[in-house]
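Q: Please take a close look at the pockets of this model and at the parts around them. Walk me through who lines what, and how the surroundings are built.

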Amino acid sequence: MPRQGLTNARVSAAAAELADSVGLSRLTVAAVARHFGVSDAALYVHVRSREALIEHVAVRAAATFADALAIAVAGRAGRQALVGFADAWRAFAVTHPGQYAATQLQLPPEVGTRSAGHLRLIELSYAMLRGYGLDEPALTDAMRFVRSTFHGFTSLETVDGFGHPRAVDASWQSILDAVHTTLSNWPTEKQEQR
């Protein structure tokens with residue numbers, strides 16, 4: 001019988017917070033159980049394994065991440081949408097490192113395809129890039145470029161990986177200028193055939 005007051009939503013929320021504070025790699029069912037002051041067995045009523053717990057965090061985090069991106073790009077296109085999208089990406093990754101890490105995991109198909117947040121992340125990313133007039137296959141190539149740029153930067157930032165004294169914010173702005181210029185001049189198949 002589930003412990004009174006302990007719900008799947010509360011377990012997922014607590015796991016997400018713990019992932020941010022201790023790191024996703026250190027998130028365990030036992031740690032979440034300790035957070036609630038219950039036995040591990042009491043938590044297994046709500047989550048069947050550590051893998052399932054991490055999947056719950058990933059699905060919850062993707063929805064939160066997608067909401068932040070949607071607000072940041074609403075009513076914007078081109079450079080304004082890119083900057084809003086990028087700044088929201090960076091803020092989420094730096095503020096919620098454990099949850100962000102969970103959104104980057106490859107989920108089992110039966111989980112990923114049912115995660116509305118993951119689907120919205122993809123839709124929002126491609127919608128932002130369509131403001132640059134890109135179509136397939138350039139759209140996918142550009143998305144891989146943007147994702148690897150933003151993911152790389154924020155991953156380094158969260159581990160204090162930038163040792164140079166130049167302000168990180170100044171570098172971020174320069175990178176956004178470079179990404180905008182690159183997207184504005186992205187090669188298309190027609191250009192490549194010349």
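A: One term first: contact means that heavy atoms lie within 4.5 Å. The model is a predicted one.

Start with the frame. The chain has 11 helices and 0 strands. From the N terminus on, the order of elements is α-α-α-α-α-α-α-α-α-α-α. Along its principal axes, the C-alpha trace spans about 65 × 40 × 30 Å. There are 194 residues, and 42% of them count as buried. Take the contacts in the chain with a separation of 6 or more: 68% of these join residues 24 or more positions apart.

Now the largest pocket. It holds about 590 Å³ of space. The lining has 21 residues, and those closest to the pocket centre are Thr103, His118, Leu121, Ile122 and Arg147. Which elements build the wall? Four helices each give at least two lining residues: H4 (50–73), H5 (78–95), H8 (116–130) and H9 (138–158). H8 gives the largest share, with 6 residues. The chemistry of the lining is mixed: 11 residues are nonpolar, 8 polar and 2 charged.

The second largest pocket comes next. About 160 Å³ of space lies in this one. Its lining is made of Arg48, Ala52, Glu55, His56, Val59, Glu110, Val111 and Arg114. H4 and helix H7 (109–112) are the elements that supply two or more of these residues. H4 supplies 4 residues, the largest share. So H4 takes part in both linings, as the second pocket shows again. By class, the second lining counts 3 nonpolar, 1 polar and 4 charged residues.

Stay in this region for Ser115. Where is Ser115 placed? Ser115 sits in the loop between H7 and H8. Buried means under 20% relative accessible area. Ser115 has 0% relative accessibility, so this residue counts as buried. What does Ser115 touch? Set aside neighbours within four places in sequence, and Ser115 is in contact with Val59 and Ala62. Val59 has appeared already, in the lining of the second largest pocket.

Go back to the helices around the largest pocket. H5, H8 and H9 each supply at least two residues of its lining. These three helices are also among what covers the buried residues of helix H10. Helix H10 covers residues 168–184. Its buried residues include Trp172, Leu176, Val179 and Leu183. They lie on the same side of H10, because they cover an arc of only 65 degrees around the axis.

The length of H10 can be checked too. H10 has 17 residues, and at 1.5 Å a residue they should span 24 Å. The expected span uses one less than the number of residues. The end C-alpha atoms of H10 are 24 Å apart, so the expected and modelled spans agree.

One last stop is Val38. Val38 lies in the loop between helix H2 (29–36) and helix H3 (40–43). Its relative accessible area is 13%, so Val38 is buried under the cut-off given above. How far is Val38 from Leu6? The two are 32 residues apart in sequence, and their C-alpha atoms are 9.7 Å apart in space.

Technical notes
Residues numbered from 1 in each chain as written. Predicted model: local features only at pLDDT ≥ 70, side-chain atom pairs only at ≥ 80, totals over all residues. Heavy atoms only, no water. 1 Å grid on protein atoms, 1.4 Å probe; cavity = no way out; pocket = protein on both sides within 12 Å on 5 of 7 lines; lining within 4 Å. Points joined across faces, edges and corners; volume = space filled by probe spheres on them. Nonpolar A, V, L, I, M, F, W, Y, C, P; charged D, E, K, R; others polar. Buried < 20%, exposed > 50% of the residue type's maximum accessible area, 1.4 Å probe, protein only. Arc of directions from axis to C-beta.
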